[in-house]
Amino acid sequence: MKIASLKKIKILTGKTILLRVDFNVPLKNGKILEDYRITAGLDSLKFLLAKGARLIIVSHLGEPDRVDVKYSLKPVAARLQKLLKQPVKFLPGAIGLKTAAAIKKMKASDIFMLENLRFNQDEYKNDSAFAKILASLADLYVNDAFAVSHRAQASVAAVKKYLPSYAGLLLEKEINALNKVLKPQKPLVVIMGGAKIGTKAPLLDKLYPLADQILLGGALANNFFKFQNREVGRSLIDDDSTPFVKKFFNGRRLASKIILPSDVIVADAKNRARFKSVDQVSATDRILDIGPETIGAYAGYIKKARTLVWNGPMGKFESDSFKHGTLALARLVASRSSGATYGIIGGGETVAALALTQMAEYVDWISTAGGAMLTYLSGGKMPGLEGIVKK
Ligand code: ADP
Ligand code: MG
């Protein structure tokens, strides 16, 4: 794999860089709730500034369908300024002649930040004219926004037609980490749970041949129970999943690498948490976590793995009664990752569950790029990487 790394740019002094980042942080009433995405993106910024480049930082925030102050990047620019201890000039309003005039006056190591790219619908449409305007502001383009690189949008895709384009340091790290899953040290153990089987199906397909075991949990596993004609009561099921689940069965026999829970925790008719073997689930039960026997069995596989990949919680971990399976596996994955095993965790809710254990620092790679990570690992199209990452 060849990556057009930012580190390979020969001359940066005096150059103006259009740096596409993913500073899509959670906001509430204009306050940043959590700034991990900003801090994770600082490496590229610092690298470029140290070499005397001028930076134009562009990002999206949320999915606005028009100009909407709720989604302004102004608070993000203020936070960035604080983190860098250096002025960050925020240029509000649409990108136009005023922006270009301000940029012309930039000095070495100046930082400008433009308003939310998605205030312009042309961003979503991967519009060439809009991409050209963006490109006209700079000499070079750097994509450090892996999380949106599965989207054909102007600031990650079309813009590359108009400028010499490079990969940012965070994007490069993300790709190197994900490649360790695609060429894994064996045994590779994949843990998958969560709710949206549609988004996980391509990943399961792709990782099945590479993996030694795939440990299932969460609502994902319910679909497999249902296919086995087991009682799943009022559990969350995706009725469209049958053709996909069927692929992992030979008649009634489950594919050997797929491991299902042997016991679960349900909410019963009175909403009480109850242990049950998977044969004891009743019509009024709702399966909401994996049980202790399953945790023990999964721990055995996790301990033997040299590569661990986890996406999707094992249960409804947002509720105290049903968080144990997810937290137990999070601790196991974190503690194995602290040693020789390479551990990678991705997905919004999965990362949130890991944070609850306060063991996130032990994990080799944490991807906040949910959809992009799934797309990359499952071999899908990545318009944001075309031209800067070659197989
Ligand atoms: P991620 O964001 O990590 O990729 P998903 O979005 O696929 O994960 O799913 C996370 C959600 O799945 C969590 O909010 C969790 O409560 C829910 N979930 C997991 N297991 C179950 C279950 N058995 N029943 C209902 N919801 C579940
Ligand atoms: Mg999610």
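Q: In which helix is Glu 123 found?
A: The model discussed here is predicted. In this model, the place of Glu 123 is within residues 121–124. That segment is helix 5.

Q: Is Glu 123 buried or exposed?
A: A residue counts as buried when its relative accessible area is under 20%. Glu 123 has a relative accessible area of 0%. Since 0% falls under that cut-off, Glu 123 is buried.

Q: Which residues does Glu 123 touch, leaving out those up to four places away in sequence?
A: Contact requires heavy atoms within 4.5 Å. With residues up to four places away set aside, the partners of Glu 123 include Leu 117, Phe 130 and Arg 20. The full set is Arg 20, Leu 117, Arg 118, Phe 130, Gln 153, Ala 154 and Ser 155.

Q: Where is Phe 322, and is it buried or exposed?
A: Phe 322 lies in the loop between strand 18 and helix 12. Its relative accessible area is 7%, and the limit for a buried residue is under 20%. Phe 322 is therefore buried.

Q: How many Å separate the C-alpha atoms of Phe 322 and Ile 287?
A: In sequence, Phe 322 and Ile 287 are 35 residues apart. In space, their C-alpha atoms are separated by 9.4 Å.

Q: What is the radius of gyration of the chain, and why does it agree with a compact globule?
A: The chain has 391 residues, and a compact globule with that number would have a radius of gyration near 21 Å. The value for the chain agrees with this expectation, because it is 23 Å.

Q: Which residues have the most contacts inside the largest nonpolar core?
A: Nonpolar side chains tend to be buried together in soluble globular proteins. The largest nonpolar core of this chain has 53 residues. Those with the most contacts inside this core are Phe 146, Leu 216 and Ile 258.

Q: Which residues are in contact with Ile 258, leaving aside its neighbours within four places in sequence?
A: Ile 258 belongs to the largest nonpolar core. Once neighbours within four places in sequence are left aside, its contacts are Leu 204, Tyr 208, Ile 214, Leu 216, Phe 224 and Phe 248.

Q: How many residues of helix 14 are buried?
A: Helix 14 spans residues 370–377 and is mostly covered. Its buried residues are Ala 372, Met 373, Leu 374, Thr 375, Tyr 376 and Leu 377. Of the eight residues in helix 14, the number buried is six.

Q: Which elements do the buried residues of helix 14 pack against?
A: Both helices and strands serve as packing partners of these buried residues. The helices are helix 7 and helix 8. The strands are strand 18, strand 19 and strand 20.

Q: Which peptide bond is cis, with omega near -5°?
A: The bond leads to Pro 187, a residue in the loop between helix 7 and strand 10. The residue on the other side of the bond is Lys 186. The cis bond is the one from Lys 186 to Pro 187.

Q: Is Asn 29 buried or exposed?
A: Asn 29 is found in the loop between strand 3 and strand 4, and has a positive phi of about 50° although it is not a glycine. Its relative accessibility is 78%, and a residue over 50% counts as exposed. Asn 29 is therefore exposed.

Key
Residues numbered from 1 in each chain as written. Chains lettered and ligands numbered in written order. Predicted model: local features only at pLDDT ≥ 70, side-chain atom pairs only at ≥ 80, totals over all residues. Heavy atoms only, no water. Rg over C-alpha atoms; globule rule 2.2 N^0.38 Å. Core = buried A, V, L, I, M, F, W, Y, C linked by side-chain atoms within 4.5 Å. Buried < 20%, exposed > 50% of the residue type's maximum accessible area, 1.4 Å probe, protein only. Helix = DSSP H or I, 4+ residues; strand = E, 2+ residues; numbered from the N terminus.
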